[in-house]
Amino acid sequence: MKTFFLFISISVMIVTQPSLVLAEEIPSQLKALHVLNRLGFGPAPGDIDRVNAMGVENYIHQQLYPDTIAEPSSLTGELNKLGTYSLDTSELFEEYGPPPKVDGQKPDRALIRAQSKKARIILHEAVQARLMQAIESPKQLQELMVDFWYNHFNVYGQKELDRLWVGDYEREAIRPYVLGHFRDLLEATAKHPAMLFYLDNWQNVNPNNVMKRHGKKSRGLNENYARELMELHTLGVNGGYTQDDVIALARILTGWGFRHKAGSDGNYKFYFNEKLHDPSDKVFLGQTIHGSGEQEVEEALDILAKSPATAKHISFQLAQFFVADDPDPALVDWLSQEFESTDGDIRAVLQTLFESPQFWDVKNYGHKFKTPYQYVISAVRATGQAVTNYRPLFEMLRELGMPTDECQTPDGYKNTQEAWLNSDGMLRRINFATALAFGRIKINEEQLPVKYDDLAAVFDDQFSPSTMQAIQKAPAHLRAVLVLGSPEMMRK
Amino acid sequence: MDMNRRQFLKYVASMFVISLWPLGLTGWAGGLDGDILSTQPQLKRKKLIVLFQRGAVDGLSVVVPYGDGRYYDARPTIAIPSGGNPDSVLDLNGYFGLHPALESILPLWKNKTLGFVHACGSPDPTRSHFDAQNFMECGTPGNPSTPDGWMNRLLAVLPGAHSPTQAVSLGPIMPRIFQGKMNVANVALGKNAAHAMPIDRPMVESAFDELYKGDDPLAQAYLQGQKARKQLLSDLQQHMAMADNGAPSPDGFVDSAHRLAQLMREDPNIQLVFLDLGGWDTHVNQGSVKGQLANHLKSLGDGLGALVQGLGDIYPDTVILVMSEFGRTVHENGDGGTDHGHGNAMWVMGGSTQGGQIQGHWPGLDTSALYESRDLDVTTDFRAVIGAVLQQHMQLNDDQLSVVFPTIPQAQAPLKII
């Protein structure tokens, strides 16, 4: 009887703590493909040989320190040609914003429309810059993390003024911090006009300070950003905060916005307006924050960034993004500890993740369903073709329901199979794969068909027996089509 | 600050440019298999078509309060005149009249299968197209983060097994209103609707059939997709062959409406349909009896007329709702247009509906009755109208309804849909 119970308790342990079971490691000949798929957007021609030559561990280390990787001058040159991608929020507003209002004159609507039309190039160039770097940059992990953090701190690029600022937001608030400290990333997004506009904090003001205007409802607290800052950006939905905390944080954030008074310095840049701030003391997550203006927000961001709930929330998301849709809780705990002990050092957390048995567990190999963004970029990378026209890729991503920078809801695009695997998406991917392999997608002038042998070499012939069988049965001109539309390509 | 805010709002308005008729690339999605007509046939037959006018249509030009002099005072150049001639409103009830461009649906008002709920809309004060559309599509005004759209939640609570073509979205991308856990088929009804895609080539198809012949989730998704596509494609091709005998309409929406009606007749599994039309954001030169808005309304009215005619004997089982994110200012602006407002008119059509009447509480155009002293007020929440349709037409019970809309503010006057 005693042995029976012992047996039960052991088996329960094994079921609930899978990490205790010795995971079977990915065979060494697949490791290069695995890291190219998981630390980036999949292999381009020659990548597998390069990784094998330098060693998988060295490759991971190098990816964690993108500053040590040289950017090809061709890429930098192309990026420099995107005129709006180097302008700041103020310049963008000056150049592409609405024409200044002249007192006593009615606004010139034709001019407003013309400006609005002219402004379309901003989002276009921002998305082009994103795709270009994801496809061409050897700093693949950095580009993947731009995608991860952009969705974490999502801004909808079609929401009015965010049409002007979304490229600057990615370049200035996300990109520099993707492997840095979480607290810096939090600060940068919290201060960017794109975020302040998207989640309405520029309209969040102390209700007692605002004069009621005739016929208008008085403005006041706007809780939108305060809520998402906790629910999505830091603590997570079950992170232990209450509606009172949302209100307290909204009050702390009153006056935290951007300057939008014509002619003043630093226009359309972050600006804390003391006059619109609620100066009273607040109790936030059980701590008293004394009325001190701008400093209150810094205190609140410190509290949020240091919270164990935040460590857990971010760790779960990273484990889900890099390992499996339903990640091993033991891995999440391990990453949380690293997050807390390093004060949210994202690079350190990722290093831990890439060393974890779960990351190398053979049952997680080739099991993560790619998002449309990852699928389209990986397919183009695999062909090795130069992209000079990005429009077909924008359109494909729109068709697949994932237009870049245009996720409307603040939670950003998901990266799970549940979110993206559906019959409509499968057929669209297959149509795209077929057209791409035949050279029917106008990504460049040449539009060359893709050769099967070249493509097979990119993947080092690592296809499953059933895929191999389908390829061998197919007529020669369809073999490249099948590779680009294969389960191995849909997953990573 | 205030000056800049106003400037912002105007700018915001001007920046939201919406493309015209949503005709685009084709693609299909399906859900679980099953013959939905096999159980509860009466309920399964009930159909709902939602047409969204993106850009905020001027409801005061659609259902015109011609009996109120203040309407004419507020709109010296764009009001629709009264007077019983071809260039005036089409009288509805002695106080309200229909825009003359909507002449082709006047018979539906007369046979009492078309009605309106006036001063209807969302209680949220936003005048941003983006926010207001988002609220109307997710069905939770004030909470933009609701992950799914109310039509997807509706699909989920409809009883019985789900068929791959039970819910159909017309247009190139899946709209917010249909996003969610349930599979929704997607089909474009433009001229290229039945054009071949790469996967339709027999050799490509058989190569992929071989690749995805297993029973893993990817293969299942592939097979479902092929099944739904073949069904809709064959429906469309049959119709195209017939349509070629007559002169095709030059108008995009009328053409699409014809095809939609045909598709719904060919495929009895289709139960929920969503489509949207743009071009309603008339800040400049809105026009009156003729002009920009009149042209769009004519196209819409002709299309709806064609849809009703095409639906034929399934029209009594169908309700068509036409809605828009908010209304427009009562006063015309300095450019012969109108700006973003609040309350609007919602259209309710259907062969079994209690049409021929204007429901809801009409607050009037007196300045004191206007929302923020400038816009028609909202006296009936849009969820109350849709909720009444879902209960009275789709036969949803209270529990099912609360999944679709977690809260529904009660209408001031009870709404009789069926």
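Okay, let's start inside chain B, where β1(B) and β8(B), residues 272–277, pair in the parallel sense over six bridges. Before I go on, a reminder that this is a predicted model. If you want one pair to click on, take Val50(B), whose bridge partner in β8(B) is Phe274(B).

β1(B) has another neighbour too. Seven bridges join β1(B) to β9(B), residues 318–324, and those two strands also run parallel. Here the pair to look at is Lys47(B) with Thr318(B) as its bridge partner in β9(B).

So what about the surroundings of β1(B), residues 47–53: buried or exposed? Seven of the seven residues are buried, so the strand is largely enclosed by the rest of the structure. And that goes for both faces. On one side you've got Lys47(B), Ile49(B), Leu51(B) and Gln53(B), and on the other Leu48(B), Val50(B) and Phe52(B), all of them buried. Notice that Lys47(B), the residue bridged to Thr318(B), is on that buried list, and so is Val50(B), the one bridged to Phe274(B).

Let me show you another bit of chain B. Three strands there form an open sheet in the order β2-β4-β3, with antiparallel pairing. β2(B), residues 63–64, and β3(B), residues 90–91, stand at the edges with a single partner strand each, so one side of each is left without a neighbour in the sheet. β3(B) is joined to β4(B), residues 97–98, by two bridges, running antiparallel. In that pairing, Leu90(B) stands opposite Leu98(B).

Zooming out on chain B: the secondary structure comes to 13 helices and 12 strands. Of its 418 residues, 57% are buried. And if you take contacts in chain B with a separation of 6 or more, 77% of them are between residues 24 or more positions apart.

Right, over to chain A. The domain assignment gives us domain 1, residues 77–198, and domain 2, residues 372–490. The C-alpha centres of those two domains of chain A lie 27 Å apart. Where they touch, 16 residues of domain 1 are in contact with 17 residues of domain 2. On the domain 1 side, α8(A), residues 120–136, and α9(A), residues 140–152, each supply at least two residues. Which helix gives the largest share of that side? That's α8(A), with eight residues. By type, the domain 1 side divides into eight nonpolar, six polar and two charged residues.

A bit more on α8(A), as it keeps coming up. This helix has 17 residues and reaches 24 Å from its first C-alpha to its last, close to the 24 Å expected at 1.5 Å a residue. It's also mostly covered, with 14 of those 17 residues buried.

Last stop, the contact between the chains. How many residues does each chain put in? Chain A gives 48 and chain B gives 52. On the chain A side, the helices that each supply at least two residues include α7(A), 109–118, α21(A), 391–399, and α23(A), 423–437. Also in that group are α25(A), 465–473, α26(A), 479–484, and α27(A), 487–490. The largest share of the chain A side, nine residues, comes from α23(A). As for what those residues are, the side of chain A that touches chain B divides into 17 nonpolar, 15 polar and 16 charged.

That's my tour, over to you.

Key. Residues are numbered from 1 along each chain as its sequence is written. Chains are lettered from A and ligands numbered from 1 in the order in which they are written. This is a predicted model: local features need pLDDT of at least 70, side-chain atom pairs count only at pLDDT 80 or more; totals for chains, interfaces and linings use all residues. Two residues are in contact if their C-beta atoms, placed from the backbone, lie within 7 Å. Helices (H or I, at least four residues) and strands (E, at least two) are DSSP runs, numbered from the N terminus. Ala, Val, Leu, Ile, Met, Phe, Trp, Tyr, Cys and Pro count as nonpolar, Asp, Glu, Lys and Arg as charged, and the others, Gly among them, as polar. Domain bounds come from an automatic or database domain assignment. The expected span of a helix is 1.5 Å times one less than its number of residues. A residue is buried if 20 or more other C-beta atoms lie within 10 Å of its own, exposed if 12 or fewer, and partly exposed in between; C-beta atoms are placed from the backbone. Two strands pair if DSSP finds at least two bridges between them.
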